[in-house]
Amino acid sequence: MATQEKATVENAQLKDIISHAKEYGFVFSSSDIYDGLQAVYDYGQMGVELKNNIKNLWWKCMTQLNQNVVGLDAAIFMHPLVWKASGHVDSFNDPMIDNKDSKKRYRADVLIEDKAAQYEAEGRVEEAGALLAEMGKLLEDENLDGVRELIISEGIKCPISGTANWTDVRQFNLMFSTQVGSVAEESQTIYLRPETAQGIFVNFLNVQKTGRMKVPFGIAQIGKAFRNEIVARQFIFRMREFEQMEMQFFVRPGTEMEWYEKWKEARKAWHLAIGIPAESLRYHDHEKLAHYANAAVDIEYRFPFGFKEVEGIHSRTDFDLTQHQELSRKKMQYFDNDLNEEGKPYGNYIPYVIETSAGADRLFLMTLCNAYTEEEIVEGDSTKSRTFLKFHPALAPVKAAILPLTKKDGLPEKATEIFDSLKYDFNMIYEERDSIGKRYTRQDLIGTPFCIAVDHQTLEDNTVTVRDRDSREQVRMPISELHNYINKAVSFKSIFEKLA
Ligand code: ATP
């Protein structure tokens, strides 16, 4: 298939996934009845279950599988100096450019990246690489005029107005600010956190001391983060309000690269364990490092729109803790009484930090894209197509559907009895409307791994049929075996075992 043709097919696939997500209650635009709010989304009845399952799995893997990692839930609002210390006030910027005709605002780097992607799609790989390298250099030198000239010399036009009538490139801070305090004069500007990590840094000693933690140890947190992204596109890939799952791992200086490698491996293994195929994942090493990092890598997933970051692993040195020590004037040191090669305690130091930072919404989108399956089924002379969501059963929003074959003869009562016996342990659906075939289809569309049909034989011998979502095969089994059968497939244990 020609590259361009392939890109069109892939975009069509993303469109299908977006409409599927809306139609089956996974993701809605925020304030939908008011035509939505750009780059803000709500999770529907299926979406919230899927997202909670992803977050729970991450949380349990981090905190239960690692004895030296504990959790935290810090507030979204933080002292304004936190963001001064972290560098976000001064340098959490994106370069933006406006088109004077359409009045549309773009990220200057994204316009150039899109041009490079176009070159790549046309097989002009070297030109694409050279363009990206040139942009990288200009941004590093903070040469914003140079970035503008590059946009013009590459003939990049606004997709709306079709013109190259560009303003200057300016830096735009991505943090949202608001005011605290009831009296205007007393009010103080504070920010909605753009990352959860700083909540961990400022609590480093609270957790270390009260938990009697010894370096190396980690603190994990899941929470909302906010960024005023200029370019909001690709559905929930880039949002203005999103959720992060971050872990800061505090280590002895000099051992950071060893831990960096360990976490890099461990996090990729996690993505594989939840069913993402190896060929859809890759590492992307950062060539241009953030001011605080001495190594950084992204784990990228092959979305329908190309390989893109889902998680970052960063070696952040002692940058953040040192900065907080300076601005708060509170010591951020840790006393390490382990003995070094000379037989003396390592003593006081500010730990180095390895960070793993994943977006819950990006992992959600990855899980959804990976699960979305269309297949042709041959039945005799005819073929029909089937769409289903092939979620790992541990992540599936609904674990089983209980379906009485008919609405009479005591089948609903029997089915309800089964439902009630399982509902405390599994999220399930009970459905008696429509033909059994239609009900199977509905469950396929939301990715329910098991459909349990209750028929007349059930009343006689207490057995049911269990239909498997992926193979469509049905097996008959005693009701008493259902709990074990479902549990084996949906519990996190099988994932834990792969990671142990
Ligand atoms: P990008 O280059 O895509 O903007 P980033 O390098 O700024 O991402 P980090 O600051 O490293 O991202 O954030 C860590 C993780 O948080 C990312 O891997 C991603 O999963 C998630 N994330 C970051 N920004 C957004 C966003 N606007 N919407 C959804 N998830 C996000």
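A salt bridge here is a side-chain nitrogen of Lys or Arg within 4 Å of a carboxyl oxygen of Asp or Glu. Keep that cut-off at hand for the exercises below, and bear in mind that the model is predicted.

**Exercise 1. Check the pairing of Asp444 with Arg386, and work out which parts of the chain it ties together.**

Step 1. Start with the distance. The closest N and O atoms of Asp444 and Arg386 are 2.8 Å apart, and the cut-off is 4 Å, so the pair counts as a salt bridge.

Step 2. Place each partner. Asp444 belongs to helix H14 (residues 436-446), while Arg386 belongs to strand S18 (residues 382-389); the pair therefore ties together parts 58 residues apart in sequence.

Step 3. Look at accessibility. Buried means under 20% relative accessible area. Asp444 has 3% and is buried; Arg386, at 8%, counts as buried too.

**Exercise 2. Take Arg316 and Glu195: how many residues apart in sequence are the parts they tie together, and is Arg316 buried or exposed?**

Step 1. Confirm the contact. A salt bridge joins the two side chains, with 3.5 Å from N to O.

Step 2. Find the elements. Arg316 sits in strand S13 (residues 306-317), and Glu195 sits in the loop between strand S8 (188-192) and helix H8 (197-202), so the bridge connects parts that are 121 residues apart in sequence.

Step 3. Read the accessibilities. Arg316 has a relative accessible area of 0% and is buried. Glu195, at 6%, is also buried.

**Exercise 3. Now try a salt bridge inside one helix: where do Lys414 and Glu417 lie?**

Step 1. The closest N and O atoms of Lys414 and Glu417 are 3.5 Å apart, and the two residues form a salt bridge.

Step 2. Both residues are in helix H13 (residues 411-422); their spacing of 3 residues is about one turn of the helix.

Step 3. Lys414 has a relative accessible area of 15%, which makes it buried.

Step 4. Widen the view. The structure holds 35 salt bridges. Some residues are linked in a network of them: Asp94, Arg107, Asp109, Glu229 and Arg238.

**Exercise 4. Describe how domain 1 meets domain 3.**

Step 1. Set out the parts. Domain 1 covers 52-90 + 174-367, domain 2 covers 93-173 and domain 3 covers 398-499. The centres of domain 1 and domain 3, taken over C-alpha atoms, are 40 Å apart.

Step 2. Count the contacts and the area. 11 residues of domain 1 touch 6 residues of domain 3. The two domains bury about 750 Å² between them, with 84% of it on carbon and sulfur atoms. In domain 1, the residues that lose the most area to domain 3 are Leu57, Leu65 and Ala273, which together make up 55% of what that side buries.

Step 3. Search for charged and polar pairs. The rule finds 0 salt bridges across this interface, and 0 residue pairs in polar contact with both at pLDDT 80 or more.

Step 4. Trace the elements. On the side of domain 1 that touches domain 3, helix H2 (45-64) and helix H10 (256-273) each supply at least two residues. H2 gives the most, with 6 residues. By type, the residues of this side are 7 nonpolar, 3 polar and 1 charged.

**Exercise 5. Describe the surroundings of Gln221.**

Step 1. Gln221 lies in strand S9 (residues 217-226) and is buried, at 0% relative accessible area.

Step 2. Its side chain has a polar atom 2.5 Å from the backbone nitrogen of Ala74.

Step 3. Beyond neighbours within four places in sequence, the residues in contact with Gln221 include Trp58, Trp59, Arg193, Gln244 and Glu246.

**Exercise 6. Pick out backbone features that depart from the usual pattern.**

Step 1. Recall the background: most residues other than glycine have a negative phi, and most peptide bonds are trans.

Step 2. Check the peptide bonds. Val215 and Pro216 are joined by a cis peptide bond, with omega about 5°. Pro216 is in the loop between helix H9 (204-210) and S9.

Step 3. Check phi. Arg212, in the loop between H9 and S9, has a positive phi of about 50° and is exposed at 75%. Asp35 has a positive phi near 70°; Asp35 is in the loop between strand S1 (27-29) and strand S2 (41-43), and is exposed at 74%.

Notes:
Residues are numbered from 1 along each chain as its sequence is written. Side-chain values use heavy atoms; hydrogens and water are left out. Domain bounds come from an automatic or database domain assignment. Contact means heavy atoms within 4.5 Å. Buried area is the accessible area (1.4 Å probe) that two parts lose on being put together, summed over both. A polar contact is a pair of N or O atoms within 3.5 Å; within protein, one must be able to donate a hydrogen and the other to accept it, and residues adjacent in sequence count only if both atoms are side-chain atoms. Helices (H or I, at least four residues) and strands (E, at least two) are DSSP runs, numbered from the N terminus. Ala, Val, Leu, Ile, Met, Phe, Trp, Tyr, Cys and Pro count as nonpolar, Asp, Glu, Lys and Arg as charged, and the others, Gly among them, as polar. Buried means under 20% relative accessible area, exposed over 50%, partly exposed in between (1.4 Å probe, protein chains only).
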